[in-house]
Amino acid sequence: MGGKGIRIEGLRKRYGQGDTAVDALKGVDMHVAPGEVVGLIGPSGSGKSTLLKCLGAVIDPTAGRMVLGEETIYDDGWQVRDLRALRRDKIGFVFQAPYLIPFLDVTDNVALLPMLAGVANAEARARALELLTALDVQHRARAMPSQLSGGEQQRVAIARGLVNRPPVILADEPTAPLDSQRALAVVRILNQMARQYETAIIVVTHDEKIIPTFKRIYHIRDGATHEEAGEGRGFD
Amino acid sequence: MISLAGRDILHAWGKFVFTGIGLGLLIGVTLTMAGVYRGMVDDGKALLDNSGADLWVVQKDTLGPYAESSSLHDDGWRAIRAMPGVADAANVTYLTMQVRRGDGDVRAMVVGVAAGEPGTPGWPPYLVAGRQITRSHYEAVADIATGFRLGDRIRIRRNHYTVVGLTRRMVSSNGDPMVFIPLKDAQEAQFLKDNDAILQSRRRTAQNPAFDRPGVPGLLDAAIAAQEGNPFVNAVLVRVAPGYTPEQVAEPIRRWKRLTVYTRAQMEGILVGKLIATSAKQIGMFLVILAAVSAAIVAFIIYTLTMDKIREIAVLKLIGTRNRTIAAMILQQALALGAIGFVVGKITATFAAPLFPKYVLLMPADSVAGFLALLAICALASVIAIRMALKVDPAEAIGG
């Protein structure tokens, strides 16, 4: 399912033109293997969000190469025609706030993605329930998002990110609103899911509580990344 | 695929239902306004139907007797009765006035009907209580919308009448209920002056040297008598004999009697096209304004509901939802709002219509047209919200 994770080579992003042009990314290199969770950290304005948006195919990089699993999706230009389908089928998203759809119950929040991809309702719901069970929130399957605790909502959001079995999940500050205990629980789940589903997970974070949990960390500063080994504490 | 619009509506049903009720009241007013127009047209047709005539003979070059005043000599009907193809002909007068009962009064159209029997043109074709007029004077048959009851004593000008019969749905083109009285009484009532005015008129005539001539006895009395009587009626109603078309009968009357004759279709054209045309335009303007207000309300509500979901829409787009799915969600919500509004509006109009003083006719075809128009308005009103939703950048779901 996960294939070769995600590989990024020399990714650049320039905003504007001429004298006012700003290079937000100046040749980013990254590789995240299937089943691996890496941290992406850096100060505000360092280019974290720009990188995440490029990886998420919501903005166009200026140059570089991105390989997702076995497929080159960007090589100085998008190699796939339907970016919407790319996001739906091959990239999972977990946000700072869970952003669950408030008018869908927990199961349908998760099942919506496969349904959008054309999977039959019953099968989509079965997939959703399987993930909710793996994340230990199956008992809230019929609840509405407003009836869940913050931790439960984030677990449902993780299930939604995983439900289409994407090769990569982009997690944008997923623990920011949570206390230490819940934040660590979320990271534990991400590690567990990465291994279970062979998914590469990139966690953008400022959260000092969870930084020691990554085995590998990419520091981003002034639009460039530097890799370093993390402590990888607690999740083996 | 689940219905996103349906789930959103179920989730926020209170918001939708209460908005729908507000919109529905507006739609109820719109349907009622259309019903008022239909009622006016139906009143006009009822007036023509109930007269029992195929032709209306009126003063030359007038649009009488309903749209303009018309005056004919009351002996003209005999000649018309003798024309080929005429089965029956009868004088009729119409006078809209306040008919008094006790201390109160009721606006009504007083119809003077010629002596005859039920079925004579101008007579009420059916009664719901009592009997038809059988005496030459001071009896009346009234529409039940007047509120009169059998045996009531009513006053028309200076004379009192006893209500001997009640009828239903006998109205003028303005929707005023009719009161039928004998023709002679009605002719008198049309031009009846008060006693002081009669005295003044007689003195004025007596002082006129042209009438007060010693060598011509009886001239003054004859002149006064001619001034005080009313030998005129407003129209002659004609029923065509079997085997003749109305136009076949009308043409010789126009040609030889020098009168204007209208067929049923022409009279309907006058009533609908001229008499109530201004009111129809007025109501049409109201309908346009109400439609515009409805559209503005739906647009505002759908826009607000969409604004409330902007983050969810960004997330939906980010996770790969097609634009058409999002557009369909907003459109379906607008249509659902319209449907709720229509149901509430239809119920409101149905219950409110009988409370109106004039006839309000709610036609199923108008309801269907109204429903389709409302759906079109809702679809149009959702365009702004859809455009806004489609402009939402999926990147908004990613912070930073």
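**Figure 1. Helices α10(B) and α12(B) are oblique to each other in this predicted model**. Angles that fall outside the ranges for roughly parallel, roughly antiparallel and roughly perpendicular count as oblique, and the axes of α10 (residues 310-318) and α12 (residues 364-391) of chain B cross at roughly 55°. These axes come within 9 Å, and the crossing of α10(B) and α12(B) is right-handed. On the α10(B) side the contact is made by I310(B), I313(B) and K317(B), which meet M388(B), A389(B), L390(B) and K391(B) of α12(B). The contact residues comprise five nonpolar and two charged, with no polar ones.

**Figure 2. Helices α1(B) and α11(B) cross obliquely**. Helix α1 covers residues 4-11 of chain B, and helix α11 covers residues 323-352 of chain B. Their axes come within 8 Å and cross at roughly 50°, so the two helices are classed as oblique. The crossing of α1(B) and α11(B) is right-handed. From α1(B), the residues L4(B), A5(B), D8(B) and I9(B) take part; from α11(B), their partners are T325(B), M329(B), Q332(B), Q333(B) and A336(B). Sorted by type, the residues of this contact are five nonpolar, three polar and one charged.

**Figure 3. Chain A meets chain B over a buried area of about 2600 Å²**. Carbon and sulfur atoms give 66% of that area. In the contact, 25 residues of chain A face 25 residues of chain B. Within the area that chain A buries against chain B, 28% is supplied by R84(A), Y99(A) and F103(A), more than by any other three residues.

**Figure 4. One salt bridge is found across the interface of chain A and chain B**. The side chain of D108(A) pairs with that of R7(B) in a salt bridge, with an N to O distance of 2.5 Å. Over all chains, the structure holds 27 salt bridges.

**Figure 5. D108(A) also forms a salt bridge with R125(A)**. The side chains of R125(A) and D108(A) meet at 2.7 Å, N to O. R125(A) belongs to helix α4 (residues 121-134) of chain A and D108(A) to helix α3 (residues 106-116) of chain A, so the pair ties together parts that are 17 residues apart in sequence. Viewed with the preceding figure, D108(A) has salt bridges to R7(B) and to R125(A).

Key:
Residues are numbered from 1 along each chain as its sequence is written. Chains are lettered from A and ligands numbered from 1 in the order in which they are written. This is a predicted model: local features need pLDDT of at least 70, side-chain atom pairs count only at pLDDT 80 or more; totals for chains, interfaces and linings use all residues. Side-chain values use heavy atoms; hydrogens and water are left out. Axes are lines fitted to C-alpha atoms, for helices over the stretch in contact, and angles run from 0 to 180 degrees between N-to-C directions. Helices (H or I, at least four residues) and strands (E, at least two) are DSSP runs, numbered from the N terminus. Angles under 35 degrees count as roughly parallel, over 145 as roughly antiparallel, 65 to 115 as roughly perpendicular and the rest as oblique. A crossing is left-handed if the near helix is turned anticlockwise from the far one by less than a right angle, and right-handed if clockwise. Contact means heavy atoms within 4.5 Å. Ala, Val, Leu, Ile, Met, Phe, Trp, Tyr, Cys and Pro count as nonpolar, Asp, Glu, Lys and Arg as charged, and the others, Gly among them, as polar. Buried area is the accessible area (1.4 Å probe) that two parts lose on being put together, summed over both. A salt bridge is a side-chain nitrogen of Lys or Arg within 4 Å of a carboxyl oxygen of Asp or Glu.
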